[in-house]
Amino acid sequence: MVNSNFPNKKPCLCFKCSHGWRSNGQGVSRPTLSHTGGEYGTNSSRDGPGHSPPSPRQSVRKNLDFEPLSTTALILEDRPANLPAKPAEEAQKHRQQYEEMVAQAKKRELKEAQKRRKQLEDRCKLEESIGNAAQTWNHEILPNWSAMCTSRRVRELWWQGVPPSVRGKVWSLAVGNELNITHELFNICLARAREKWKSMPTAPLTDPETEGLSLADREASLELIKLDISRTFPHLCIFQQGGPYYDMLHSILGAYTCYRPDVGYVQGMSFIAAVLILNLDTADAFIAFANLLNKPCQMAFFRVDHSLMLKYFAAFEVFFEENLPKLFVHFKENNLTPDIYLIDWIFTLYSKSLPLDLACRVWDVFCRDGDEFLFRVALGILRLYEDVLTRMDFIHNAQFLTRLPDHISPDQLFSHILAVHMTSKNRKWGQVLQALQERNSPVLKR
């Protein structure tokens, strides 16, 4: 309770103190404390004339009793005077623990330093290797493309990955331009697309019959393309509206819908176009895009030719059983058919399913080997995760395969792809697919 004789003074709240008040010379009083038997009782003789007030650090140390300077102090310093001293055995034990902690910390630091050094060395070696490979491609292979593209040496370099600086040029040459598309044709298609977008009525995307639009027109609509562009590599933030490549991606997709109105725009195309944009100029990316989608496998999928798609799946299962019989039986027992996971992989050429750098390396060999390599990659992925997949049920298998791990070692995956044999009873991929096309393909049971 506050003493009525001192209305402007606050009492000390310490339950160990006797309360007293004294003036500080400025009309304000402060309490004097005297802790009975306490080490920090305030002696009035210390506050006499000429006594300098303690510094903030001294006050903190005084109030805390001791101020450890580091974790070393917590272990090695003696206990405060108001506590019993450490026994010798305990002090020795703490010292040993401290020395062990220091040794472990040094060991971790050394290990981390070695890891960083190894990463730096590997990165330097990789950059040197890429630089040397780029020179080889630029000065030896590309100037003599027709003569060298099928040589064993070039195929080996191709398998190791095309250097990013020449990747676009190599892809263009490998894919070719059987459609004879020119830059002028691209500009014409783009101009038509822009005019069509301006005149197209805005209609909900949920009803294909709204406003009398055909299905092809619905798929070619500006709104559907815009919707897909926003979902294309969202983590890169370069294809979304306002990003540096938004207009380029929008232009290629729009121009294609006018170039091939029979196909129109199909979801998944945006990922293929985006990968090409990252490696080629807009017009060249459009040329490669149109020629890629004109390949038999891509055309079957993007035109949703169910009969032909089933034949590709059936051919895939022939080589699946040949290479991974145990996993093949497991999938059959769980009714996990190829269409559940292959459709997304084929539609986007793995650009959505695999890390982008790994997807580009897949594209390197795909441009060299064609459609067969897409299914070989699928078998490589299944082979890589065979042990995991054989322990999963239908739901977990489907979830795993439709959303692959974010981190996949390119070298590890390609070693598994290399181990896949694309022959069955002395028949190659093309022969198996042709045999299935010549007769009625067995319908995949679900």
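Is the crossing of α18 and α21 left-handed or right-handed? The first close-up takes up that question, and the views after it move on to other parts of this predicted model.

**View 1. Helices α18 and α21 cross with a right-handed turn.** Here we look at helix α18, residues 371-384, together with helix α21, residues 410-418. Their axes come within 8 Å and cross at roughly 110°. An angle from 65 to 115 degrees counts as roughly perpendicular, so α18 and α21 are roughly perpendicular to each other. On the α18 side, the contact is made by Phe373, Arg376, Val377, Gly380, Ile381, Arg383 and Leu384. From α21 come Gln412, Leu413, Phe414, His416, Ile417 and Leu418. Sorted by class, the contact of α18 with α21 has eight nonpolar residues, three polar ones and two charged ones.

**View 2. Helix α5 meets helix α17.** The pair shown is α5, residues 152-160, and α17, residues 356-369. Their axes come within 8 Å, and the crossing angle is roughly 150°. If you would like to pick out the residues, α5 brings Arg155, Trp158, Trp159 and Gln160 to the contact. Its partner α17 brings Arg361, Asp364, Val365, Arg368 and Asp369. By class, the contact of α5 with α17 divides into five charged, three nonpolar and one polar.

**View 3. Helix α16 has a set of buried residues.** This helix spans residues 339-347, and its buried residues are Asp339, Tyr341, Leu342, Trp345, Ile346 and Phe347. What lies over them? The cover of the buried residues of α16 includes α11 (269-277), α13 (296-302), α14 (306-323) and α15 (325-333). Helices α18 and α20 (394-402) are also included in that cover. Follow the chain just past α16 and you reach Leu349, which takes a positive phi of about 55°.

**View 4. The loop between α9 and α10 holds Phe233 and Cys237.** The flanking helices are α9 (222-229) and α10 (246-259). Phe233 is a residue other than glycine with a positive phi, near 45°. Cys237 is not a glycine either, and its phi is positive at about 60°. Is Phe233 buried or exposed? Phe233 has 4% relative accessibility and therefore counts as buried. Cys237, with a relative accessible area of 56%, is exposed.

**View 5. The cysteines form zero disulfides.** The count of disulfides comes to zero. How far from Cys189 is the nearest cysteine sulfur? That sulfur belongs to Cys258 and is 6.5 Å away, and Cys189 is in no disulfide. For comparison, a disulfide calls for a pair of cysteine sulfur atoms within 2.5 Å. Cys189 is buried, with a relative accessible area of 2%. Cys124, at 41% relative accessibility, counts as partly exposed.

**View 6. The whole protein puts the close-ups in context, with 22 helices and four strands.** Stepping back, the protein has 446 residues, of which 39% count as buried. How much of the contact network links residues 24 or more positions apart? Such pairs account for 65% of the contacts in the protein with a separation of 6 or more.

Conventions: Residues numbered from 1 in each chain as written. Predicted model: local features only at pLDDT ≥ 70, side-chain atom pairs only at ≥ 80, totals over all residues. Heavy atoms only, no water. Axes fitted to C-alpha atoms, helices over the stretch in contact; angles between N-to-C directions. Helix = DSSP H or I, 4+ residues; strand = E, 2+ residues; numbered from the N terminus. Parallel < 35°, antiparallel > 145°, perpendicular 65-115°, else oblique. Left-handed = near helix turned anticlockwise from the far one by under 90°. Contact = heavy atoms within 4.5 Å. Nonpolar A, V, L, I, M, F, W, Y, C, P; charged D, E, K, R; others polar. Buried < 20%, exposed > 50% of the residue type's maximum accessible area, 1.4 Å probe, protein only.
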